[in-house]
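Trainee: I should like to learn how to read the features of a structural model. May we work through them one at a time?

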Amino acid sequence: MASSKLSKWNLKDLLKKPGDADHEITKLLDLVKKIESYQPQFTPSVSVETFKTMIQLIEQLALESECVKLYSQLWFAEDMQNQQALALKSKLETLGTDMENRLLFFSQTWKRFPEKDAERLIKALPQYAYYLRKLHQYKKYMLSNEEERIINIKDLTGSNTVVTVYEMLTSGFTFDFNGKKITQEELFHYARDPDPKKREGAYKALYAVFQEHSALLGEIYKALALDWNKEFVELRKYSSSIAVRNFGHDIQDSTVETLLNVCKKNQKLFQNYFEIKSKKYKIPFNRYHLYAPPKMSPFKMAYPDAVKLVLDAYQSFSPVFRTGAEKILHEHHIDSEVRKNKSTGAFCAGESPAITPYILLSYTGDLHSINTLAHELGHGIHHLLSSKQNVLYVSAVLPLAETASIFGELLLMDHVKKLNPKLAQELLVLELDGFYGSIGRQAGFVAFEKEAHRMVLEHASTEDLAKQYSKMLKQHFGNMEIPDCFRWEWLYINHIFTVPFYCYAYSFGNLLALSLYAQYKKHTGKERDQIVDKIIHLLSQGSNASPEQLVADIGFDITQESFWQAGFDVIKEMVEALQD
Ligand SMILES: [Zn+2]
């Protein structure tokens, strides 16, 4: 099967040739102009017909812009030295911001519609109800037009600039490592090196730089946290600093609290895991060596075999999953070969009902590569399933976005266990390291942020914040030795600065997948088939309701501690399997 050869992707489905982009851009600008022409009529008494036309145009714009935007991003990702691709990507980014600004009037005006007018329009257009209602709910946190205008101007020169300064400063850092100056990305590679000296050296090099700039970075953090609290809590009257993020995710505060509590209660589970890993693979029990790779058997799998393995794993869950993965492979929407100048890492992109998603990864044949293939195909399957939704709903909200991909990893592990138990043990370490990184670690960041925001309001110094971080880290890791330099860790976590409290979405998404997987494994026969149908149904909804509602619709309750605990119980079983 040609589609299971290592290869480059086919971008022609998005755009026949780069030269066609200009024509597409002209069409997009025409659409923007058309939407703008409705602005004078867009008042609370707007007719349903006009309103509907406006939304359909916005939908059409989202649909048509996705093709050319995605083309420019993927063309650049396949060869990051390609100057033409870079130019097109930049052009489309500027165009995107420009279009967004021109159409801002829609959401800004809509949010101010009186309740009864908004409801009249929502009722007439039930297919857009969730989108419109969610947007309109911001009304309760809005200030007067004049105040909003001042905040907009002051954000531009204030907090937005502070974020840019943070990003410019930290992305320009280089680190002294073994007599060379290297980037942060290269450094993190060494944090997972088989050589313990290199792992330790990598962290020392990292924190030497962050400590050196700690006074400045700490001031930046304090300014951002203070701004966040002054604007959102004091002026807009959100109930707490984390409530701002919860509202954006459309998850109740109490549900997030429950999730974070369950994560805290299960800290010990990850502590146990790292202790077992350290003993079993003779790794020093020290934070420097948290991500030490265990000595693995030299193992390589040819790409066609990996494709078969992953497809079979998906088949074991449902033929619907397998068909989705095959579609992506058959249409050559996967760039799998290792190539110079290609973007590093892996991703799945294409959030539009009109596009078969695209996947980028660099397949090297090791376990990590196979796992990545399963993970990204999971995202692809999710995109395909939700493509029956309209474009405004097609991309899953982040808390749900990892469901299918994590599911894919778990199915792969299950499948490998049957075929090759020794290999399954090694995959287990990879998975558990990953779950710690995306669940325990992220929940730890948010726990720190909650403390830090409170402390900043009480005029804490950067040194106080570092002390607090260090204290929490010790509780987080129990008996593990934590070198003092880790007190500066929070200074390099971009999300803590740029999107406060966002990190719990990773814990949420990963645990949700694990909890659903627990339900799947718990049942057999007909009951299991029902769970499979439910999960496929969930993935087909995109984001047409709140995460809580979507999960409730298939019969599970994310407001309950027991739902989340079931996810940790899957991890517990994995830790026990490692011990055997
Ligand atoms: Zn993912």
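Trainee: Which kind of contact do the side chains of Asp433 and Lys277 make?

Mentor: Some preliminaries first. This is a predicted model, in which local features need pLDDT of at least 70 and side-chain atom pairs count only at pLDDT 80 or more, while totals for chains, interfaces and linings use all residues. Residues are numbered from 1 along each chain as its sequence is written, and side-chain values use heavy atoms, with hydrogens and water left out.

Mentor: Side chains of opposite charge can pair when their charged atoms come close. The term salt bridge requires a side-chain nitrogen of Lys or Arg within 4 Å of a carboxyl oxygen of Asp or Glu. Asp433 and Lys277 form a salt bridge, at 3.0 Å from N to O. Asp433 belongs to helix H19 (residues 421-457) and Lys277 to helix H13 (residues 267-280), and the pair links distant parts of the chain, 156 residues apart. Helices here are DSSP runs (H or I, at least four residues) and strands likewise (E, at least two), numbered from the N terminus.

Trainee: Are Asp433 and Lys277 buried or exposed?

Mentor: Both Asp433 and Lys277 are buried. Buried means under 20% relative accessible area, exposed over 50%, and partly exposed in between, with a 1.4 Å probe and protein chains only.

Trainee: How many salt bridges does a search of the whole structure find?

Mentor: The search finds 36 salt bridges. Helix H19 also holds Lys422 and Glu426, which lie four residues apart, about one turn of the helix. Their closest N and O atoms are 3.6 Å apart in a salt bridge. Lys422 counts as exposed because its relative accessibility is 53%, whereas Glu426, at 8%, is buried.

Mentor: Another pair in helix H19 is Glu451 and Arg454, three residues apart, about one turn of the helix. Their salt bridge spans 2.6 Å from N to O. Glu451 is partly exposed at 25% relative accessibility, and Arg454 is partly exposed at 39%. Elsewhere, Lys308, Asp312, Arg322 and Glu326 are joined into one network by salt bridges that share partners.

Trainee: Which atoms coordinate the zinc ion?

Mentor: Donors are N, O and S atoms within 2.8 Å of the metal (3.2 Å for Na, K and Ca); water is not among the atoms, so sites may look incomplete. The zinc ion is coordinated by NE2 of His375, NE2 of His379 and two OE donors of Glu402, at 2.1 to 2.6 Å. The donor residues follow the spacing H-x3-H-x22-E in sequence. His375 and His379 are four residues apart in helix H16 (residues 367-385), and are therefore separated by about one helical turn. Both His375 and His379 are buried.

Trainee: Why is the arrangement around the zinc ion called irregular?

Mentor: Ideal angles are 109.5 degrees for four tetrahedral donors, and 90 or 180 degrees for six octahedral ones. Four donors count as tetrahedral if all angles lie between 85 and 135 degrees; four count as square planar and six as octahedral if opposite donors are over 155 degrees apart and all others between 65 and 115; anything else is irregular. The four donor atoms around the zinc ion subtend angles of 52 to 139°, which makes the arrangement irregular.

Trainee: How many aromatic pairs are there?

Mentor: Rings of Phe, Tyr and Trp (its six-membered ring) pair if their centres lie within 6.5 Å; planes under 30 degrees apart count as stacked, over 60 as edge-to-face and the rest as tilted. The count comes to 51 aromatic pairs. Phe51 and Trp110 are a stacked pair, with 5.2 Å between centres and 25° between planes. Phe51 lies in helix H2 (residues 48-78) and Trp110 in helix H3 (residues 83-111), so the pair ties together parts 59 residues apart in sequence. Phe51 and Trp110 are both buried.

Trainee: How is the pair of Tyr71 and Trp75 classed?

Mentor: Their ring centres are 5.8 Å apart and their planes at 35°, so the pair is tilted. Tyr71 and Trp75 both lie in helix H2, four residues apart, about one turn of the helix. Tyr71 counts as buried at 6% relative accessibility, and Trp75 counts as buried at 11%.
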